[in-house]
Each structure stands twice: as structure tokens, then as C-alpha cells.
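Here are some worked exercises to try with the sequence and the 3D view side by side. Take each task first, then compare your reasoning with the solution below it.

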Amino acid sequence: MISILGGGAFGTALAVALSGSQKVTLWSRRLPVGGQSPRLPGVTIPAEVRCTDNLDSALSETVILALPTQVLGGFVGAHGASLDGRTLVNTAKGIDLESGESPSGLIARACPDARIATLTGPSFAVDIARGQPTALTLACADEDIEDLQHALSTPVLRLYRSDDLRGAELGGALKNVVAIAAGIAIGAGLGESARAALITRGFAEMTRFATRHGARPETLAGLSGLGDLVLTATSTLSRNYRYGHALGAGKAFDAAITVEGAKTAQAVSRIAAARGIAMPIADAVAELAQGRASVAESILELLRRPLKEE
Ligand SMILES: NC(=O)C1=CN([C@@H]2O[C@H](COP(=O)(O)OP(=O)(O)OC[C@H]3O[C@@H](n4cnc5c(N)ncnc54)[C@H](O)[C@@H]3O)[C@@H](O)[C@H]2O)C=CC1
Ligand SMILES: O=C(CO)COP(=O)(O)O
């Protein structure tokens, strides 16, 4: 039995995908109307999924947290007593702006006796809900998760195990920042060659930042890092990419849409400055997301950087 907390796009998609092989309970603050989540239009939640807005009645031994990073700390802080001691699987891809913590760090603080894992990697909610083949990383730092890997895999949703929780989480958080930069490049009309350059140099930044935080470089080159970067930085299905595109084109973007990379860029930029890690692309995205620079200025700033070895 699996509980999924959060009835947005990803929680709904996982509920649909796992309901073929598991008893699934989907908790959300507002119950889906007509079996549809407003965040995942066109997908109908099967009748076998139990939908509830009562958190205590929703909890089983294994709980998937499908909430955005910037609300996760408040949520687990408020419900830590009910959640602690269970297997908690994070799906958020970001860094908490207030504390600088990773999602698993936020969960560990509120639930010290939980087994904590992160499910991450290239996977649009709509693809998962439609049953299209997807490969993801399931990462946990220091406990055996083979049981969980099997419980959360289906014939088309293939989970790979990793013990590099830090690397897997940082890859997922940082790729959103680079996806915004890629969107900006296309939105501003800089061309696909410029986007390829940003993706490649952005990947170098991701690896630099993550390895300085104890991640293994090969994790960054895997599904949770490069894999998700390739998906998110090249697809108009990505909200981070679309947000960047709007910034680059000088257009408005709906503030109600979840864009993890905007706040994550600010957290990354602040942490990198304090630790002396060069992150020019994340710095530029952070400035743009706060409206503190123009696209033209940011592009000039990146182009003016001294020429160096790759
Ligand atoms: N949508 C996608 O394709 C994928 C999303 N993710 C990650 O999953 C996480 C969640 O994203 P989505 O589901 O796409 O976002 P979403 O914007 O579709 O849904 C977020 C949900 O959280 C709920 N929520 C917000 N604040 C809350 C609170 N304080 N308490 C309870 N519920 C609250 C909202 O009502 C909404 O239902 C993000 O970190 C995202 O990066 C990961 C893989 C794919
Ligand atoms: O993380 C995702 C795909 O792996 C979803 O990306 P967006 O949040 O940019 O839509």
C-alpha cells in the first residue's frame, strides 16, 4: 500500500501509474473533481485510487511526498509527528531558499526516525500518467531500498537504485536552473547553438557544485543529472524551460505555475558565493528571476567572462 501526498501533476501521475500494481491513496488539500487534477488536465484518476483530504487516514508505511520544495519544509514541519518512522519518498527537485536545505534534509529535520529516499530523473508527469516508458533514480543514503525499488517499479516505470542521495537530489535541483537558462536563450532569440553551449557549461556548473557538496560525478552524468537536464532543457513541456522562454522573450508568466528553478537558482547562487564556487549561469538566472537584471545585461555579462580552458 502506497500513500501519495500532493494532488498536483506529479502526485496524480504516480497515483495513476502505481494503481495498476498497488493499493494507492492520494491525499490532497482539495479533492479532485470528476477524477481530474487541475494540474494534470486530460488525465483521469482510476476509481481504484482512494482520494482523500484527510491526512491521518491517508498514511501508510510508505509515503510519497509530491510537493514543491518551497512548501515541503512547512508541510513536514507541521506533520512531522504523523510522518516520522515511515518510509518517506521525496519527489521535489529543488533547494529550500530559506534554509539552503535539500528536500531530504528538510524531511530528516522533521522526521529523524524515517527512512528517507528520493525519486528523481527524467519524467514528465503526463508521460508517466500515460504509461509511457520512463527510467528514474531511487536514491537513499544509508539504508537498503531494494524492497522500495520493487514496490515503486512497474513494467514501464523502471527505477534504478543509488546510494548517492546528495548527487541525485542536487542533479534534479540544478537541472531546473539550467533549463531556465536554456529557455531564456531560445526566448531571447540567441539560437540553438547558444542553448547547446549553455546546457554544456550548465552541466559543468552542476557537476562542480554537486561534487563540492559530496556528490559523485558519475551520479551527475546519470538519469537524475544529465538525463533530466537533457529532457528539461530541450522540451516545451517543461515549466522551467517555458518560464525561461518567457523571461527571454520579455513576456509574462503565470505565477501560479510551479517553477522550481527560480528559487533554487537564488539558493544555489547564495550558497556558491559563500563557498567560492563559480556558478555564472546560476547567478544570471537568480538575478533575472528576481528582476534584478535585464536579459541583455545578463547575456553580455556571460559573454564578457575571461576566455579559459574547457
Ligand atoms: N510535473 C512533473 O512533470 C514533475 C514534477 N516533479 C517535481 O515534483 C514536485 C511537485 O511538482 P508538481 O506536482 O508538478 O507541482 P504542481 O504545481 O502540479 O502541484 C503541486 C501541488 O502541491 C499542492 N500544495 C502546494 N502547497 C501545499 C501545501 N502547503 N500543502 C499541501 N499541498 C500543497 C498544490 O495544491 C498542488 O496540488 C516538484 O518539485 C517538481 O519538480 C518531478 C518530476 C516530474
Ligand atoms: O522534472 C521534470 C521532468 O523530469 C519536470 O520539469 P518541469 O518542472 O520543468 O516541468
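**Exercise 1: Strand neighbours**

In strand 2, S3 has T25 as its bridge partner. The model is a predicted one, so please read each exercise with that in mind.

Task: Work out which strands flank strand 1, and in which sense they run.

Solution. Begin with strand 2 (residues 24-27), which is joined to strand 1 (residues 2-5) by 4 bridges and runs parallel to it. Next, look at strand 4: strand 1 pairs with it too, in the parallel sense and over 4 bridges. Here I2 is the residue that stands opposite T62. Now check the side chains of strand 1: I2 and I4 point one way, S3 and L5 point the other way, and all are buried. Finally, trace the connection: strand 1, helix 1 and strand 2 form a β-α-β unit that is right-handed.

**Exercise 2: Following the chain through strand 5**

Task: Find the partners of T87 in strand 4 and strand 6, and give the handedness of the crossovers on the way.

Solution. Strand 4 (residues 62-65) and strand 5 are parallel and share 4 bridges, with T62 opposite T87. From strand 4 the chain passes through helix 3 (residues 69-83) to reach strand 5, in a right-handed β-α-β crossover. On to strand 6 (residues 115-120): its pairing with strand 5 is parallel, again over 4 bridges, and R115 is the bridge partner of T87 there. The chain gets from strand 5 to strand 6 by way of helix 4 (residues 103-110), and this β-α-β crossover is right-handed. Within strand 5 (residues 87-90), T87 and V89 point one way and L88 and N90 the other way, and all are buried.

**Exercise 3: Two helices, two spans**

Task: Set the span of helix 3 against that of a straight helix, then do likewise for helix 8.

Solution. At 1.5 Å a residue, a straight helix of 15 residues would span 21 Å, but helix 3 spans only 17 Å between its end C-alpha atoms. Look along helix 3 for a bend, and you will find a kink of about 50° centred on G77. The buried residues of helix 3 are covered by elements including strand 4, strand 5, helix 4 and helix 12 (260-275). Helix 8, with 21 residues, reaches 30 Å from its first C-alpha to its last, close to the 30 Å expected. Its buried residues include L198, I199 and F203, and the packing partners of these buried residues include helix 7, helix 10 and helix 13. After helix 8 comes G214, with a positive phi near 95°.

**Exercise 4: Buried or exposed?**

Task: Decide whether G189 is buried or exposed.

Solution. First locate G189, in the loop between helix 7 (165-187) and helix 8 (192-212). Then apply the cut-off: a residue counts as exposed if 12 or fewer other C-beta atoms lie within 10 Å. G189 has 9, so it is exposed. Its C-alpha lies 46 Å from that of T87, 102 residues apart along the chain.

**Exercise 5: The cores**

Task: Describe the largest nonpolar core and say which helix gives the largest share of it.

Solution. This core has 51 residues, and I4, A13 and L138 are among those with the most contacts inside it. Helix 1 (residues 9-18) gives the largest share, 8 residues. Apart from this core lies another, of 40 residues, I95 and L174 among them.

Definitions and conventions: Residues numbered from 1 in each chain as written. Chains lettered and ligands numbered in written order. Predicted model: local features only at pLDDT ≥ 70, side-chain atom pairs only at ≥ 80, totals over all residues. Core = buried A, V, L, I, M, F, W, Y, C linked by C-beta atoms within 7 Å. Buried ≥ 20, exposed ≤ 12 C-beta atoms within 10 Å, placed from the backbone. Helix = DSSP H or I, 4+ residues; strand = E, 2+ residues; numbered from the N terminus. Pairing = 2+ DSSP bridges. Right-handed = clockwise from strand over helix to strand, strands pointing away. Expected span 1.5 Å × (residues − 1). Bend = angle between axes of the 7 residues up to and from the residue. Contact = placed C-beta atoms within 7 Å.
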